[in-house]
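Student: Please take a single part of this model and go through it closely. I would also like to see how that part sits in the rest of the chain.

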Amino acid sequence: GKTYMLQAGTNELRNKATGTGGWDHYKQDKVGEIVLSAGAQRLTFRAGVKLYASPLLDLKSIKLVPVE
């Protein structure tokens, strides 16, 4: 899978995308934890490395949940 990165300020989370069997098939996946500072944040989701020939993935949504 191709590497992606989720950034929030100076914090980042890297992981690898996994296939779903087709561009119109989506799956939900837990990808890790990232620390968010108090207040408004800008999250950036992007490829973790330069892509040359094909897209990274077809992202439908990102769901953030608090860690207990």
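Tutor: What follows covers the sheet, strand by strand, and then the parts around it. This is a predicted model, in which local features need pLDDT of at least 70 and side-chain atom pairs count only at pLDDT 80 or more, while totals for chains, interfaces and linings use all residues. Residues are numbered from 1 along each chain as its sequence is written, and side-chain values use heavy atoms, with hydrogens and water left out.

The chain has 3 strands and 0 helices (DSSP runs numbered from the N terminus: strands are E runs of at least two residues, helices are H or I runs of at least four). In sequence order the pattern is β-β-β. In space the strands form an open sheet in the order β2-β1-β3, and the pairing is antiparallel (two strands pair if DSSP finds at least two bridges between them). β2 and β3 are at the edges with a single partner strand each, so each has one side without a neighbour in the sheet. Averaged over the sheet, neighbouring strands are turned by 20° against each other, direction ignored (axes are lines fitted to C-alpha atoms, for helices over the stretch in contact, and angles run from 0 to 180 degrees between N-to-C directions).

β1 covers residues 3-8 and pairs on both sides. With β2 it shares 6 bridges, the two strands running antiparallel; with β3, also antiparallel, it shares 5. Tyr4 of β1 takes part in both pairings: Asn15 stands opposite it in β2, and Ala47 is its bridge partner in β3. Further along, Gln7 has Glu12 of β2 as its bridge partner, and Ala8 stands opposite Leu43 of β3. In a regular strand, side chains alternate between the two faces of the sheet. β1 is largely enclosed by the rest of the structure, because 5 of its 6 residues are buried (buried is under 20% relative accessible area, exposed is over 50%, and partly exposed is in between, with a 1.4 Å probe and protein chains only). Across the chain of 68 residues, 15% count as buried.

The connection from β1 to β2 is a hairpin with 2 residues between the strands, and Gly9 has a positive phi near 65° there. β2 spans residues 11-16, and a loop that holds Leu36 separates it from β3, residues 43-47.

At the start of the chain, Gly1 belongs to the segment before β1. Gly1 is exposed because its relative accessible area is 78%. Beyond its neighbours within four places in sequence, Gly1 is in contact with Lys16 and Ala17 (contact means heavy atoms within 4.5 Å). Between Gly1 and Leu57, 56 residues apart in sequence, the C-alpha to C-alpha distance is 9.8 Å. For the chain, 56% of contacts between residues at least 6 apart in sequence join residues at least 24 apart.

The structure has 2 salt bridges (a side-chain nitrogen of Lys or Arg within 4 Å of a carboxyl oxygen of Asp or Glu). Glu12, the partner of Gln7 in the sheet, forms one with Arg14, with 3.0 Å between the closest N and O atoms. Glu12 is partly exposed at 41% relative accessible area, and Arg14 is likewise partly exposed at 44%. In the other, the side chains of Lys27 and Asp29 meet at 4.0 Å, N to O. Lys27 is partly exposed at 47%, as is Asp29 at 46%.

On the surface, Leu36, Leu43, Leu59, Ile62 and Leu64 make a nonpolar patch of about 410 Å² (patch residues have over 30% relative accessible area and no salt bridge; like charges are joined within 9 Å, and nonpolar side chains, namely Val, Leu, Ile, Met, Phe, Trp and Tyr, within 5 Å). Leu43 links this patch to the sheet, as the residue of β3 opposite Ala8. Leu36, from the loop between β2 and β3, counts as partly exposed at 40% relative accessibility.

The chain as a whole exposes about 5800 Å², with 51% supplied by carbon and sulfur atoms (Shrake-Rupley method, 1.4 Å probe; for residues, only the protein chains shown count as cover). Its C-alpha trace spans about 35 × 25 × 15 Å along the principal axes.
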